[in-house]
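Please open the model in your viewer and keep the selection panel at hand. The tour proceeds by selection, with a short account of what is found at each stop.

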Amino acid sequence: MNTFFKAGRLLAVTGAVFGAAPAVADEGHEDGDTYEVNALGHAPIGVMGDHRHKQGEWMVSYRLMHMDMAGIQIGTDDVTPETVATTVPNRFFGAPGQPPTLRIVPTSMRMDMHMAGIMYGLSDQVTLMVMGNYVTKEMDHITFQGGMGTTRLSEFRTTTADIGDTKVSALIGLTDTVHINAGISIPTGAITEEAQILTPMGGTPTVRTPYPMQIGSGTFDLEPGITYSDRNDSFAWGAQIRGTVQLGDNDEGYSLGNRGMATAWVQASLTPGVALSARVQGETVGRVDGIDPAIVGPVQTANPDFQGGETVTALAGVNFAATGGALKGWRLGIEGGLPIVQDLNGPQMPTDYTLTVGLQKAF
């Protein structure tokens with residue numbers, strides 16, 4: 001959890017490159033205006049689609065987004081694995097081999113998303129953006145022995161990794177400080193991933209992994225939004241509202257829950273090349289609609305109703321912008337987040353922390 005607190009060290013190490021050099025005219029243009037290189041020119045790295053580019057300008061980017069989850073919550077209350085294993089009903093009870101309660105309990109999960117993006121200024125008012133990603137996930141479980149009781153049989157881990165869904169969007173300027181985010185998600189990510197598990201009776205079959213371990217949505221999704229951002233010489237600020245609307249069911253008979261997100265941020269300049277940021281984000285995610293008949297088991301992640309919820313997250317970060325030298329035009333962003341409130345359609349694992357690191361270069 002301490003990874004994102006290393007930003008202070010990076011300030012010292014990179015100060016000579018990001019901020020020590022005098023500001024010079026930048027090749028980068030946001031919202032159609034030219035200004036000197038400044039770390040305030042982009043929002044915190046965890047905000048997507050925050051700025052536009054001048055006509056004919058390109059920008060390439062890479063982000064690593066990490067999420068760590070641990071524990072178990074029902075609503076806002078923490079519960080133990082033993083409580084889940086002995087009291088939470090198994091919706092598949094009555095099918096062959098299915099016990100009355102959830103005898104397999106996830107205890108932690110980690111996800112890394114590698115995102116590569118390209119932006120192009122079609123005009124001073126319209127910027128096009130394409131983002132692809134590669135996702136890796138791993139989840140740890142406890143298997144309880146037999147159909148009842150609190151005896152732990154053993155633990156096991158499942159892993160999945162594949163190309164995720166592809167995002168295509170247009171940022172359409174309404175004013176110098178406000179633009180519409182008009183996007184669509186293309187279902188290039190897998191939804192039939194498999195892994196070996198440990199059953200309460202000691203078997204080790206290979207099965208289709210539950211919904212949180214799949215890579216894509218399997219559906220075309222609309223991603224509308226609106227973004228406001230502005231700045232002066234010392235500060236930058238902004239806000240964004242975005243959503244994800246699933247368009248029908250996928251080939252396996254379900255759709256992920258719709259999402260809504262709102263965030264606001266403020267940044268303070270230390271030098272032209274270094275800016276600190278603070279951000280708050282609220283998000284609501286719906287339950288899975290429908291069911292994949294191949295996802296069956298005495299585990300909370302196989303239940304479509306045990307998905308989604310509401311969260312509020314506080315985030316802090318640092319942006320670096322190279323103002324001269326060999327790295328002129330490169331930007332580095334780091335942002336970490338800790339949850340403030342998590343009200344989950346449980347039982348579910350709550351988020352422990354998030355970390356995003358990204359590089360950007362306009363030309």
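Select Arg 152 first: in this predicted model, its relative accessible area is 42%, so the residue counts as partly exposed. Add Glu 82, which is also partly exposed, at 22% relative accessibility. The two side chains form a salt bridge with an N to O distance of 2.8 Å. Because Arg 152 belongs to strand 8 (residues 152-163) and Glu 82 to helix 2 (residues 81-87), the pair ties together parts that are 70 residues apart in sequence. This is one of ten salt bridges in the structure.

Next, select Arg 110 and Asp 140. Are these residues buried or exposed? Both are buried. Their closest N and O atoms lie 2.9 Å apart, in a salt bridge. Arg 110 is part of strand 6 (residues 104-121) and Asp 140 of strand 7 (residues 126-144), so parts 30 residues apart in sequence are tied together by the pair. Extend the selection to Glu 138 and Arg 157, which are linked with Arg 110 and Asp 140 in a network of salt bridges.

Continue with Glu 252 and Arg 208, a salt bridge whose closest N and O atoms are 2.8 Å apart. Glu 252 sits in the loop between strand 14 and strand 15, and Arg 208 in strand 12 (residues 206-208); the pair is 44 residues apart and links distant parts of the chain. Glu 252 is partly exposed at 22% relative accessibility, whereas Arg 208, at 18%, counts as buried, the cut-off for buried being under 20%.

For the interior, select Phe 156. Leaving aside neighbours within four places in sequence, its contacts include Ile 104, Met 139, Asp 140, His 141 and Leu 198. Phe 156 belongs to the largest nonpolar core, a set of eleven residues that also includes Phe 92, Ile 191, Tyr 211 and Val 299. A second, separate core has nine residues, among them Ala 85, Leu 102, Val 105 and Phe 144.

Turn now to the surface and select Val 130, Val 168, Ile 184, Phe 220, Leu 222, Val 245 and Leu 247, which make a nonpolar patch of about 520 Å². Leu 247 is located in the loop between strand 14 (235-246) and strand 15 (254-255), and is partly exposed at 42% relative accessibility.

Then select Gly 346 and Pro 347: the peptide bond from the former to the latter is cis, with omega near 5 degrees. Pro 347 lies in strand 20 (residues 330-348).

Finally, colour the chain by pLDDT. The average is 91, and 90% of the residues score at least 70. Residues 1-35 have a pLDDT below 50; this stretch has 75 contacts in the model beyond near neighbours in sequence. Where pLDDT is low, predicted coordinates should not be read in detail.

Definitions and conventions. Residues numbered from 1 in each chain as written. Predicted model: local features only at pLDDT ≥ 70, side-chain atom pairs only at ≥ 80, totals over all residues. Heavy atoms only, no water. pLDDT = per-residue confidence, 0-100. Contact = heavy atoms within 4.5 Å. Patch = residues over 30% accessible without salt bridge, like charges linked within 9 Å, V, L, I, M, F, W, Y side chains within 5 Å. Areas by Shrake-Rupley, 256 points an atom, 1.4 Å probe, with all protein chains shown as cover. Salt bridge = Lys/Arg side-chain N within 4 Å of Asp/Glu carboxyl O. Helix = DSSP H or I, 4+ residues; strand = E, 2+ residues; numbered from the N terminus. Buried < 20%, exposed > 50% of the residue type's maximum accessible area, 1.4 Å probe, protein only. Core = buried A, V, L, I, M, F, W, Y, C linked by side-chain atoms within 4.5 Å.
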